[in-house]
2 protein chains.
Amino acid sequence: MKNTNKLNINGKRLWSDLMELGRIGQQTTGGVTRTALSAADQQARQWLLEKMKAAGLIVNVDAAMNVIGTLEADEPQTEKIAAMGSHLDTVPSGGMFDGALGVVAALECARTLRENRVNLPWNLEIISFCDEEAAHHAGTVGSRAMMGLLQEGEIHHTKNKRTPTFAQNLEHWGRDPAQIDTARRRPEEFAFFLELHIEQGRRLEAENLRIGVVTAIVGIYRYIVSVPGEPAHAGTTPMSLRKDALVEAAPVFTLLPQWVRERNPEMVGTIGQVSLEPGASNVVPGECRFVGELRSQIAEDMQAVREQLKAYAAQREGWRVETIYEKNSVQLTAPLIDYIIDAAKSEGFPWTRMPSGAGHDAQSMAAFVPTGMIFVPCRNGVSHSPAELIEEDNATEGCQVLLRTLLQLSARGRESLCVSPAVPRHQ
Amino acid sequence: MKNTNKLNINGKRLWSDLMELGRIGQQTTGGVTRTALSAADQQARQWLLEKMKAAGLIVNVDAAMNVIGTLEADEPQTEKIAAMGSHLDTVPSGGMFDGALGVVAALECARTLRENRVNLPWNLEIISFCDEEAAHHAGTVGSRAMMGLLQEGEIHHTKNKRTPTFAQNLEHWGRDPAQIDTARRRPEEFAFFLELHIEQGRRLEAENLRIGVVTAIVGIYRYIVSVPGEPAHAGTTPMSLRKDALVEAAPVFTLLPQWVRERNPEMVGTIGQVSLEPGASNVVPGECRFVGELRSQIAEDMQAVREQLKAYAAQREGWRVETIYEKNSVQLTAPLIDYIIDAAKSEGFPWTRMPSGAGHDAQSMAAFVPTGMIFVPCRNGVSHSPAELIEEDNATEGCQVLLRTLLQLSARGRESLCVSPAVPRHQ
C-alpha cells in the first residue's frame, strides 16, 4: 500500500453532502423527519445509492433494506471485509447529523481512497443500516438483521396499533418480509466495523475535546405497558362507574422516573410514547399503552427498575408488560480503541475515552465483529431534536480520524485481523 | 291531510338499512370507525345520497358537507320547513347506532310518507350533519355551520398537530373551505327540528322504559392544554437536566377527575386524548398536549372546575389552556316535548322525561329553532364503543314516535308553528 500519511478527506464535499441530505425530510421547523421506511427515508436511500455509484462503489440493498456500497480492492490479500457506516433514518423531528454523519463520512473515506488510487488489502463496505431509531418496534433493525439478532416475529409488531409494522413497510417498498433472513451475514466475513457518530451528550464540548473514543455502549431495556380500561361515552357515564385507562396509568408516568433517580443518578429512564384507545375527546379511554425505556451501563440497575415496574403492574388488574428488548451494555474491542486513539493522536486532535449513553448499530456488530466507534461533539449535547448541530470542523475531523484508523488497520494488513471481539487483547 | 292514525313505518327495512350502513367503516373488532370526512364517512355519505334518491328525495350536499334530502310537499301551506335528522360520523371504534339511527329513521319516515301518498303541509328535510363527533377540533360542526355558530377560524384548527383540519379535509373532497358560510340557513326557515337518538346511558333500560323525551341537553366545556418540555436524547440526557413534558403534565390526568368528583357527583370530566411531541420512545417528550372536557347541566360547576384547571396551569411555566368551546346546557322546546309525549302515548310506549348527558346536533338547532329530541334505550347504556347495541324493536319504536310526532305537528298545520324556542309556552 502506498504512503498515505498525508491523505486528507475533502471536508467541504463532506459538509455539502450533509447539507444536501439534510434537506430530505426537512420540516418547516428546521428539524428532519426521516423515520425508517417512510417516503423521506426511501428518498435518502436513493440519494445515497446515486452518490455511491458516482463514487465507483458497487451497490446493493439487502432484504432488510440496508444499503451497502462496496469499494473493491484491486488485489485483495484476504477475503475479510473492512466495514464502516451508520444509519440515515431519524426520529420524528430529529436532527440532520445523528446517523447521517457516519454514513456520509464513510462514503467520503471511500471517495478519498479511490481518487488517490489507494488500494486497500481488502474490500471496503460502506453500510447504511435500516431503522436504527425504532420507528416500528425495537431499533437497530438492520444491523441486528445482519448479525442474526432479530427476535422471532418482531418485524410484525408495532409500538401502537395504528402504524404499519416493519414487515408491512418492507412490502410497501416491494420487499418480501419472509426473505429478511437473507440479510444475515457470517460475522467472520468482517475484519472489523467502524462507526463515526455525534456524541449526543455534553462531555466533549464541556472538556474542549474533539474526538471521543468509545469504550462501551449503554444497555437498553424497553417495554410496552398496556393498561386496560372500559371505553364509554364521556357525557353519559358517571364518574363512579368509569374505568378510565389514563387515570389508571398516570401514576407510572411520574413513578418510573422516580424509581430510576432513586436507583442510580447515572442511569436514565423515559416514557416517550403514550397512546390512548380510542383516543377521542368524548370517549373515556379504554386502553392506555406506553413505551418505558431504561438505560444504564449496569445491567443490575436496569433489572431492578424493571422489577419495580413489573411488581407495580402485577398488583393491578389486566396490566401487561411486554418486553421489546433487553440489551445489556457492550464493551467495544480493545485493540480497535487503541487504533482510534493512535489515529486521533497522529491527526493532533485532543481526545478522550468515554462510554456511549446512546444505542448504536455498532452495538449489534460488536456482539460478533471487532468494532470501534468515534464520537465528535455536538452543540450543547442536543440530539433527537431540530436543535441538533455540529460545526463543519467536527465533521471533517471525525471523518479524518475514521480514514486514519482505516488506513492504519489496512497498513498492518493481516496482523490487524488478529483482533477478536470475543477475547479482546492489546497488541 | 288524509287520516294517518294507522300509518306505520317499515321496521324491517329500517333495521336492514342500519345493518347495511354499519358495514361501512366496520372494523375486525366489530366496531365502526367512520370519523368525519374520512374515506368511510364519505362512503356513508354516498350510501345515504343513493338511498335518498331512491326514496324520491331531492338531494343536496352543502358547503359543510351536510347531506340534505328534501321531500317536497305537493301543495305546501307554508314556506317553513319541517326538519329531522342526526349524523353518520362516528368516534374511532364507535358503534353503529349513535347518530346513524336518527338519520336512517328520518329517511324511513320520509319513505313511509311517500309510499302512503301522505302530503305534508310543508317540505320535509332529512339532514345528516357533518362532524358531530369532533374528529377535527370541536364537534357538531355541520349543525353549527347551519346555525351560524362556528367560531372564527375554528375549521383551521386541530386537537393535535398531526392530523388534517376540517378545512383541509373539505379541500380533500373538493370543497372550498372559504365557502363554508354558505351552509348557513336562516333559522326562521325551519318550523322545527326533531332528532331521534340512542340514550347512551342506562336509565331507560334500568326503568324498563322504551322512549325518553329529552328536556335539556348537557353543557360541554372543552379545552386543549399544552404543556412544554425540552425534547432531548433519552439516552444521553441525565435525569437531573431534563424537562420532561409528560412528567410535568401527568398529575393533571388524575387531578381533573378528582376536581370534578369533588364539585358535583352528577357532573363528568374526561381526558380522552393525549399526544406527545415528538412521540418517540427514545426522545424525552418536548411537549404534551391533551384535551380536557367537562359536562354538566349546571354552568357554575363547569366554570368552577375550569378555574381550577386554569389556576393550576397559571402556576406553571409555559402551560397554555386553549378553549375549544364552552356550551352551556340548553332546554328543549316545551310544546315539542308535549308533542313527543303525546306521540309516545298514542303508540302505547312507556316513556319518561329526561335530560341528555351527551351533546347532540339538536343542541345547535335548539339555540334558534324549536327543537325536540327522542331517546331509545341502548344495551347497558354503552356507546362510543364497539359494544354499543340496540334491539330491532328499539329502532322501530323510536322511528314510529318520530313519525307520529311529525304527523301530529303536521295535522295541527299552521297552529303548530306557533312554537318558539326563544319564548317557549304550553299550548
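**Exercise 1.** Leaving aside its neighbours within four places in sequence, which residues is Asn160(A) in contact with? Place Asn160(A) in the chain and state whether it is buried or exposed.

*Solution.* The model is predicted: local features need pLDDT of at least 70 and side-chain atom pairs count only at pLDDT 80 or more, while totals for chains, interfaces and linings use all residues. Residues are numbered from 1 along each chain as its sequence is written, chains are lettered from A and ligands numbered from 1 in the order in which they are written, and side-chain values use heavy atoms, with hydrogens and water left out.

Step 1. Contact means heavy atoms within 4.5 Å. With neighbours within four places in sequence set aside, Asn160(A) is in contact with Ser275(A) and Arg289(A).

Step 2. Asn160(A) sits in the loop between α4 (141-146) and α5 (166-172) of chain A. Helices (H or I, at least four residues) and strands (E, at least two) are DSSP runs, numbered from the N terminus.

Step 3. Asn160(A) counts as buried because its relative accessibility is 19%; buried means under 20% relative accessible area, exposed over 50%, partly exposed in between (1.4 Å probe, protein chains only).

**Exercise 2.** Describe the surroundings of Gln400(A).

*Solution.* Step 1. Gln400(A) belongs to helix α11 (residues 392-411) of chain A and, at 4% relative accessibility, counts as buried.

Step 2. Beyond four places in sequence, its contacts are Leu7(A), Asn8(A), Ile9(A), Glu347(A) and Phe349(A).

Step 3. With Asn8(A) there is a polar contact between the two side chains, at 3.1 Å. A polar contact is a pair of N or O atoms within 3.5 Å; within protein, one must be able to donate a hydrogen and the other to accept it, and residues adjacent in sequence count only if both atoms are side-chain atoms.

**Exercise 3.** In what order do the four strands of the open sheet in chain B run, and which are the edge strands?

*Solution.* Step 1. The order is β9-β11-β7-β12 (chain B), with antiparallel pairing. Two strands pair if DSSP finds at least two bridges between them.

Step 2. β9 (268-277) and β12 (320-327) of chain B are the edge strands, as each pairs on one side only.

Step 3. Strand β7 (residues 219-228) of chain B is joined to β12(B) by seven bridges; Val225(B) has Val321(B) as its bridge partner in β12(B).

**Exercise 4.** How many residues of chain B are in contact with chain A, and what area is buried between the chains?

*Solution.* Step 1. Contacts link 55 residues of chain B with 55 residues of chain A.

Step 2. The buried area is about 4400 Å², and carbon and sulfur atoms give 61% of it. Buried area is the accessible area (1.4 Å probe) that two parts lose on being put together, summed over both.

Step 3. Of the area that chain B buries against chain A, 16% is supplied by His233(B), Met239(B) and Ser281(B), more than any other three residues.

**Exercise 5.** Which residues does a cis peptide bond join in chain A, and what is the phi of Gln200(A)?

*Solution.* Step 1. Most residues other than glycine have a negative phi, and most peptide bonds are trans.

Step 2. The bond between Glu277(A) and Pro278(A) is cis, with omega about 0 degrees. Pro278(A) lies in the loop between β9 (268-277) and β10 (283-284) of chain A.

Step 3. Gln200(A), a residue other than glycine, has a positive phi near 65 degrees. At 1% relative accessibility, Gln200(A) counts as buried.
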